[in-house]
Amino acid sequence: MSLLRRLGVLNRQKILFPLVKFSTKTVGDVHDSPTNESETHFGFETVKESEKWKKVHKVFEEVAASYDLMNDAMSMGVHRVWKDIFMERLGPVGNGIRLLDMAGGTGDISFRYMKYLQSLPSKDRASSHVTVCDINQNMLDVGQKRWEKLNLQTAGDSIDWVCADAEKLPFDDNTYTVYTIAFGIRNCTHIDQVLKEAYRVLKPGGRFMCLEFSHVNNEYLKWLYDQYSFQVIPPMGQILANQWQPYQYLVESIRKFPLQRDFKIMIENAGFKCVHYENLSFGVVAIHSGFKL
């Protein structure tokens, strides 16, 4: 269950991956101090909006190194199945696309897409571009190290790593054909603004895809899920990652996220059409999809 994911290595990375154009970008101060001091939630805690992003940022700094280990431990590996299904629902996306993988620091979604490109016959190949974007540099660092080890060479394709805020993306309008965000949108302060930005940077006809923890739709299973979440996950975080609070925040933040139907309405309010959602594992997670038409 997923939780809450440069310049010196650039030349080395180009040597390792001669077939892939590789670049890293950091976009200034990714979150200016807002003047609006309205309150919001950080898990079950009430905080000022100007404080939430700092707290979330600290959480992911602390868990970045143990992120993959904890994902496997907490979900018993099921998070990999969820992400595979997510990519199946996205595909076949073909090639020659521009994919923005938001909150994609450790690269799980982007790497799945790159592997898909590798499976295509060379005669059917057209250059694609992936931007892995995350507000947390530590998560991006983990993703880049994984990229080195995976050696996902795809001739003519390119990948960028950009440290930026989902609420204020540094990209031009109508730039991407696909926008994905997996297990990240619930950590944002203004979800409506994230959705508006996703709509802005997508090209007409572009697709928005979101994979996120959601709400179990069976009362008996919900009770079991709550017991596991609150009684097992934080202690597991303490034992395996020496971190309790980040995993306490995780289970609390899930309960504060909108219900599936309410999130669907938010996506529609951002301008997306043909919006629908699909529950996985009885609603433990849900896939939401929409198009910019």
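The residues that line the largest pocket of this predicted model divide into six nonpolar, six polar and five charged. The pocket itself has a volume of about 300 Å³, and of its 17 lining residues the closest to the centre are His215, Val216, Asn217, Lys222 and Leu259. Two or more residues of the lining come from each of α8 (219-231), α10 (245-256), α11 (260-269) and β9 (273-280); among these elements α8 gives the most, with five residues.

Helix α10, one of the contributors to that lining, can also be described on its own terms. The helix has 12 residues and reaches 16 Å from its first C-alpha to its last, which is close to the 16 Å expected at 1.5 Å a residue. Most of α10 is covered, since nine of its 12 residues are buried, and the buried set runs through Pro246, Tyr247, Gln248, Tyr249, Leu250, Val251, Glu252, Ser253 and Ile254.

Serine 253, which belongs to helix α10, leads to a second part of the structure, as its side chain makes a polar contact of 2.9 Å with the side chain of arginine 186. Arginine 186 is found in the loop between β7 (176-182) and α7 (191-201), and its side chain is also joined to that of glutamate 212 by a polar contact of 2.8 Å.

Strand β7, which precedes that loop, holds valine 178. The C-alpha atoms of valine 178 and phenylalanine 208 are separated by 6.1 Å, although these two residues are 30 residues apart along the chain. Leaving aside residues up to four places away in sequence, valine 178 touches Leu90, Ile97, Arg98, Leu99, Leu100, Leu202 and Arg207.

The relative accessible areas of three of the residues discussed here are set out below.

| Residue | Relative accessible area |
|---|---|
| Arginine 186 | 2% |
| Serine 253 | 1% |
| Valine 178 | 6% |

Buried is used here for a relative accessible area under 20%. Arginine 186 therefore counts as buried, with its value of 2%, and serine 253 is likewise buried because its relative accessible area is 1%. Valine 178, at 6%, is buried as well. For the pair that links the loop to helix α10, the polar contact of 2.9 Å thus runs between the side chains of arginine 186 and serine 253, with arginine 186 buried and serine 253 buried too.

Definitions and conventions. Residues are numbered from 1 along each chain as its sequence is written. This is a predicted model: local features need pLDDT of at least 70, side-chain atom pairs count only at pLDDT 80 or more; totals for chains, interfaces and linings use all residues. Side-chain values use heavy atoms; hydrogens and water are left out. Helices (H or I, at least four residues) and strands (E, at least two) are DSSP runs, numbered from the N terminus. Buried means under 20% relative accessible area, exposed over 50%, partly exposed in between (1.4 Å probe, protein chains only). A polar contact is a pair of N or O atoms within 3.5 Å; within protein, one must be able to donate a hydrogen and the other to accept it, and residues adjacent in sequence count only if both atoms are side-chain atoms. On a 1 Å grid over the protein atoms alone, a cavity is a set of points where a 1.4 Å probe fits but cannot get out, and a pocket is an open set with protein on both sides within 12 Å along at least five of seven lines; lining residues have an atom within 4 Å of a point. Grid points are joined across faces, edges and corners, and a volume is the space filled by probe spheres set on the points. Ala, Val, Leu, Ile, Met, Phe, Trp, Tyr, Cys and Pro count as nonpolar, Asp, Glu, Lys and Arg as charged, and the others, Gly among them, as polar. The expected span of a helix is 1.5 Å times one less than its number of residues. Contact means heavy atoms within 4.5 Å.
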